[in-house]
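Hi,

Here is the structure I promised to pass on. Have a look, and my notes follow below.

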Amino acid sequence: MIKIYISNIIYNIILNIIMDKDKYDVLIIGGGVSGTALFYVLSKYTDISSVALLEKYNKVAQVNSRGRNNSQTLHVGDIETNYPLEKAKIVKTAAMMIPTYVKKLHPDEQNKILFKVSKMVLAVAKDEVVQLEKRYEEIKELYPDLQKLDKRGIEKVEPNITKGRRENEEILALYTHDGYAVDYEMLAASFVKEVKRGANNWSNLFLGCKVKNIKRTDDVYQVATNQGVFKAGVVVVDADSYSLLFAKSLGYGNKFSLVPIAGNFYFSDRLLNGKVYTIQNKKLPFASVHGDPDVQVSNKTRWGPTAKFFPVLESGKLSTSVDYFKSAGLFRYCTAKSFIKILSDHTRFKYLVKNALYDLPLVGKILFLANIRKIVPSIKARDLKKAKGFGGMRLQRVDTETHELQLGEGRIIGNHIIFNMTPSPGASVCLFNAVRDTEEIMKFFNNKFSFDKYTMENECAGGYPCETNRSTSLDAYFS
Ligand SMILES: Cc1cc2nc3c(=O)[nH]c(=O)nc-3n(C[C@H](O)[C@H](O)[C@H](O)COP(=O)(O)OP(=O)(O)OC[C@H]3O[C@@H](n4cnc5c(N)ncnc54)[C@H](O)[C@@H]3O)c2cc1C
């Protein structure tokens, strides 16, 4: 009996030693481009003693930040007609931190992350042309490189847009040859590499480390994983679509639900020289189709994304539908009422039904073709192939108290914990969000640590101030 008692004590002492070894100042959950950007900023520009990043897969950026799972666009607000001017200004500065960061790297590495590409937003038919003319006047000073192109101008840079188009169809475009595509997977890998290169040995990356639950006892977070329990004073959950699930488990964000929008793609032979977007519908900005060169697949044009209602948290992983239902709280009256209200909007309902049909064999492709013909009128169904293994999930938040759809990113700040939900343009503004979260972390620690924001701004923002009191999210809500 005494033997068992003593061995229990020894066991607990050993456990405590092990667990204290696993005590960190800051734990980041999720190794996508958001989590790795924060890992980089904390390790490089603060004196925080110990930071750990926990990622459930064996490589970073295998979910929405994966090269194949998003559209690889650096959104700076010039061709995003749904961004109000104020948002465009903030997103521009925030997104341009990525090229500034990348250009400091070795040229071989730069070439794997950042790609110069032309970008265009195309207006088709009178209403859109009028809208785009107005948009140009509004933003031309903010984007001096942006050119307004008529049919002739468009033909010179993207001949397939005018080829086969009806003579009397009006078109207009805003165009820049100075855009960027980004492989966000490679960017995330580079953040980790930079952390490892630094002198801070207390920054640890745990791959294959799946967080099961988070609890808070005695002012310390206990994060249970398949690799044991990690303790931390501060936790940042950068798990995108999973963040709300963790928030709810700790009593935060209960008023939110999620509309799961799957975005898939098609390939054709290369028909465009650069990225060509269509005008975004303000109620459904994630549904506007575009054609892009793919930074991982040469000589093709990638078309999409489609916008299909599909109840999972991770693309291609049916098993994650259980987590979706847990975090969406679909069976509550206020959630059901919000979904009915949001989906009873004629435009939205029509879009979602149409998009559900795009995945049907044979006819799906033909139905989707109409969207692409707006850009390349001469394209045929036989030119298109489904991009298997490409695509991601865009979980849009629903406020079940106001019954409104909240577009863009979301953030919940709790007691020494932050939960980030990061649909587009989350990847483009990952460094900006990392700065914003770092400032919040400093407040959590009552300024026990310091953040060298000045050096960070000089090195990653070209000396421009990161005005983190302003949000890059769409401030407009749509009911
Ligand atoms: C179709 C589509 C097109 C898009 N196009 C663009 C675009 O052109 N430009 C742009 O800026 N943005 C785009 N986005 C949005 C962009 O992909 C996201 O904003 C960005 O990837 C979010 O990064 P993240 O690190 O927050 O999330 P993710 O990349 O999803 O990373 C979350 C991480 O958390 C990990 N995780 C989850 N649960 C756990 C757990 N329990 N334990 C440990 N780890 C966990 C995951 O494995 C994952 O690595 C697009 C998105 C989609 C779906």
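A term first: helices (H or I, at least four residues) and strands (E, at least two) are DSSP runs, numbered from the N terminus. Bear in mind that this is a predicted model: local features need pLDDT of at least 70, side-chain atom pairs count only at pLDDT 80 or more, and totals for chains, interfaces and linings use all residues. Residues are numbered from 1 along each chain as its sequence is written.

So, which strand gives the most to the shell around the ligand? That's β15, with four residues. Helix α2 (33–45) also supplies at least two. In total 42 residues surround the ligand (C-beta atom, placed from the backbone, within 6 Å of it). Among the closest are Gly-30, Gly-263 and Gly-392.

By type, the shell has 15 nonpolar residues (Ala, Val, Leu, Ile, Met, Phe, Trp, Tyr, Cys, Pro), six charged (Asp, Glu, Lys, Arg) and 21 polar (the others, Gly among them).

The ligand lies between domain 1 (1–72 + 183–255 + 406–479) and domain 3 (256–272 + 302–399), because both give residues to its shell. Those bounds come from an automatic or database domain assignment.

Back to β15 (residues 385–399): eleven bridges pair it, antiparallel, with β10 (residues 256–269); strands count as paired if DSSP finds at least two bridges between them. Asp-399 in β15 is the bridge partner of Phe-256, and Asp-399 also stands opposite Glu-404 in β16. β15 and β16 (residues 404–406) run antiparallel, joined by three bridges. They form a hairpin with four residues between them, and His-403 in the turn has a positive phi of about 60 degrees.

Cheers
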